[in-house]
Amino acid sequence: YKRSLDLSNALVNVSYQANGIEYTRQFLSSSPDQILAVHLTASKSNALQFKLGLNALHEDMQVTSDEHGQTLYVQVADGALRGVARLNVDTDGTISTAGDSLSIADGSWATITLAAATNYKSYDDVSGNPELMVQDIMAKINGVSYQQLKTKHVEDYTSFYNRFSIDLGENGEASKPTDQRIYDFWKEPND
């Protein structure tokens, strides 16, 4: 099991093996597209199977499902704020609804995208239209591959991240995993 955070590209990666199959997950939060995305793969066809669904702690909430994903509607109790979240799934497998969940089966890859918005504009203006905002976001990425989303995200992120760099030198400890460095520092605080 490996988990990593790639700060130079703003990507989170997870990989592991189970029953001889290599599984990967990659996560990104795209500023230009205003979405969260998760890309899952399995090294064997038809091996990717999972369930997912939207939920909220708000008492006033509703979830609707269709053949491509789910939409969550929430209203803050005794308040003027409301919000909408839309989750879409693209996969080479099958998507079906199972109660409040989506069931993805028989795939080798899946891309999950999530967009969310509220009606909040400012402290004295809650006239925003979260349904329309989320629809617009999802319409703009409809038909766009994960690789295209990732490329746009990385290009945007690195245009800011690469403006500055710092080198604090090397003491031979950088190649160790974080948990080992913490333990070593606890024993001998010379890092």
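**Exercise 1. The three-stranded sheet**

Find the residue in β10 that stands opposite Thr-97. Then place the pair in its sheet.

*Solution.* The model is predicted.
- Step 1. Look across from Thr-97: the residue opposite, in β10, is Leu-102.
- Step 2. Look at the strands. β9 and β10 (residues 101-107) run antiparallel, and five bridges join them.
- Step 3. Widen the view. The open sheet has three strands, in the order β5-β10-β9, with antiparallel pairing.
- Step 4. Find the edges. They are β5 (48-52) and β9 (94-98), and each of them pairs on one side only.
- Step 5. Add the twist. From one strand to the next, it averages 15°.

**Exercise 2. The eight-stranded sheet**

Work out the strand order of the open sheet formed by eight strands. Which helices pack on the sheet, α1 and which other?

*Solution.*
- Step 1. Read the order: β1-β2-β3-β4-β11-β8-β7-β6, with antiparallel pairing.
- Step 2. Mark the edge strands. These are β1 (2-6) and β6 (60-65), each pairing on one side only.
- Step 3. Check the turn between neighbouring strands. Direction ignored, it is 15° on average.
- Step 4. Zoom in on one pair. β3 and β4 run antiparallel and are joined by eight bridges. Across this pair, Arg-25 stands opposite Leu-40 in β4.
- Step 5. Add α1. This helix packs on the sheet and touches β4, β7, β8 and β11. The direction of α1 makes about 150° with that of β11.
- Step 6. Add helix α2 (residues 146-161). Helix α2 also packs on the sheet, touching β2 (11-18), β3, β4 and β11. The direction of α2 makes about 45° with that of β3.

**Exercise 3. The nonpolar cores**

Locate the largest nonpolar core and say which elements give two or more residues to it.

*Solution.*
- Step 1. Start with a general tendency: in soluble globular proteins, nonpolar side chains tend to be buried together.
- Step 2. Count. The largest nonpolar core has 19 residues.
- Step 3. Name the residues with the most contacts inside it: Leu-40, Leu-48, Phe-50, Leu-52, Leu-87, Val-89 and Ile-112.
- Step 4. List the elements that give two or more residues: β3 (21-30), β4 (35-42), β5, β7 (69-75), β8 (82-91), β10 and β11.
- Step 5. Follow Phe-50. Not counting residues up to four places away in sequence, Phe-50 touches Leu-40, Leu-102, Ser-103, Ile-104, Ala-110 and Ile-112.
- Step 6. Look elsewhere. Another core, of 14 residues, lies apart from the largest one. Ile-141, Tyr-146, Leu-149 and Val-154 are among its residues.

**Exercise 4. Two asparagines in loops**

Decide for each residue: is Asn-119 buried or exposed? Is Asn-19 buried or exposed?

*Solution.*
- Step 1. Place Asn-119. It sits in the loop between β11 (109-118) and α1 (130-141).
- Step 2. Apply the cut-off. Asn-119 has a relative accessible area of 2%, and buried means under 20%, so Asn-119 is buried.
- Step 3. Check its surroundings. Leaving aside neighbours within four places in sequence, Asn-119 contacts Ala-80, Leu-81, Arg-82, Asp-125, Val-126, Ser-127, Gly-128 and Pro-130.
- Step 4. Place Asn-19. This residue is in the loop between β2 and β3.
- Step 5. Apply the other cut-off. Asn-19 has a relative accessible area of 81%, and exposed means over 50%, so Asn-19 is exposed.

**Exercise 5. Positive phi**

What is the sign of phi in Asn-19 and in Gln-34?

*Solution.*
- Step 1. Recall the general rule: most residues other than glycine have a negative phi.
- Step 2. Check Asn-19. Its phi is near 55°, a positive value.
- Step 3. Check Gln-34. Its phi is positive too, about 60°, although Gln-34 is not a glycine.
- Step 4. Place Gln-34: the loop between β3 and β4.

Methods. Residues numbered from 1 in each chain as written. Predicted model: local features only at pLDDT ≥ 70, side-chain atom pairs only at ≥ 80, totals over all residues. Heavy atoms only, no water. Pairing = 2+ DSSP bridges. Helix = DSSP H or I, 4+ residues; strand = E, 2+ residues; numbered from the N terminus. Axes fitted to C-alpha atoms, helices over the stretch in contact; angles between N-to-C directions. Buried < 20%, exposed > 50% of the residue type's maximum accessible area, 1.4 Å probe, protein only. Contact = heavy atoms within 4.5 Å. Core = buried A, V, L, I, M, F, W, Y, C linked by side-chain atoms within 4.5 Å.
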